[in-house]
Amino acid sequence: MIGNHDLWALQGAEKGLSQEVWLGQGGLNTVQSYDEVRMLPAHALFLRTAHAWIKLENTVCVHGGFDPARPLAEQNLRTFVWDRSLLFSAEKRHRIEPDFHYGGYDDIFIGHTTTEHFGSIQPLHFCNIWALDTGAGWGGALTIMDIDTKEYWQSELSALLYETSPRF
């Protein structure tokens with residue numbers, strides 16, 4: 001699935017645009033990893049053709065978010081990559097109606113918004129939404145989850161693994 005950092009990398013490769021915010025959030029490492037060589041065409045093709053969302057039976061996976069009241073196919077890439085409102089809405093609604101299901105889906109898995117916003121570096125579950133970004137880019141852990149069992153695994157804190165990682 002494509003995310004905001006992937007789009008920034010693609011913009012840099014295809015248009016020569018390197019946003020300062022991206023360079024400061026890992027983009028400089030991406031640029032340097034190519035050793036002064038432009039992004040390989042196969043890498044650019046991979047990013048250009050990445051899915052904005054994935055639907056498996058009645059489960060949706062997306063980087064940022066989406067409008068659950070509209071069909072997925074009618075929404076734009078910017079929403080899938082950048083939206084945070086779905087997660088924040090679910091967190092608020094969960095306090096009142098924890099069994100609510102956005103969009104009628106069984107589960108929705110999202111990243112992009114670190115669970116640190118909610119005081120945690122563990123995956124969080126609000127209504128039928130699973131927040132899986134546990135802040136690895138900011139010193140937290142990288143998390144993977146089995147979407148069937150909801151069992152998850154985490155790395156050590158990136159702040160302890162990499163000298164250049166931000167610290168909590």
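Here are three short exercises on a predicted model of a protein chain.

**Exercise 1.** Work out how many helices and strands the protein chain has, and what pattern they follow along the sequence.

*Solution.* Start by counting: you should get six helices and seven strands. Next, read along the sequence and jot down α for a helix and β for a strand. The pattern comes out as α-α-α-β-β-α-α-β-β-β-β-β-α.

**Exercise 2.** Find out why the radius of gyration of the protein chain agrees with that of a compact globule.

*Solution.* First, take the chain length, 168 residues. A compact globule with that many residues would have a radius of gyration near 15 Å, and the protein chain has 17 Å, so the two agree. Then look at the box that the C-alpha atoms fill: along the principal axes it's roughly 50 × 40 × 25 Å. Now for burial, where the cut-off is under 20% relative accessible area: buried residues make up 38% of the 168. Last, check the surface: about 10000 Å² is exposed, with carbon and sulfur atoms supplying 55% of it.

**Exercise 3.** Describe the largest pocket: what is its volume, and which residues line it?

*Solution.* Begin with the volume, about 1500 Å³. Of the 49 lining residues, His5, Gln25, Asp133, Ala136 and Gly137 are the closest to the centre. Now ask which elements chip in. Those giving at least two residues each include helix H1 (4-15), strand S2 (59-62) and helix H6 (158-161). Helix H2 hands over the largest share, nine residues. Finally, sort the lining by class: you'll find 22 nonpolar, 23 polar and four charged residues.

Key. Residues numbered from 1 in each chain as written. Predicted model: local features only at pLDDT ≥ 70, side-chain atom pairs only at ≥ 80, totals over all residues. Heavy atoms only, no water. 1 Å grid on protein atoms, 1.4 Å probe; cavity = no way out; pocket = protein on both sides within 12 Å on 5 of 7 lines; lining within 4 Å. Points joined across faces, edges and corners; volume = space filled by probe spheres on them. Helix = DSSP H or I, 4+ residues; strand = E, 2+ residues; numbered from the N terminus. Nonpolar A, V, L, I, M, F, W, Y, C, P; charged D, E, K, R; others polar. Rg over C-alpha atoms; globule rule 2.2 N^0.38 Å. Buried < 20%, exposed > 50% of the residue type's maximum accessible area, 1.4 Å probe, protein only. Areas by Shrake-Rupley, 256 points an atom, 1.4 Å probe, with all protein chains shown as cover.
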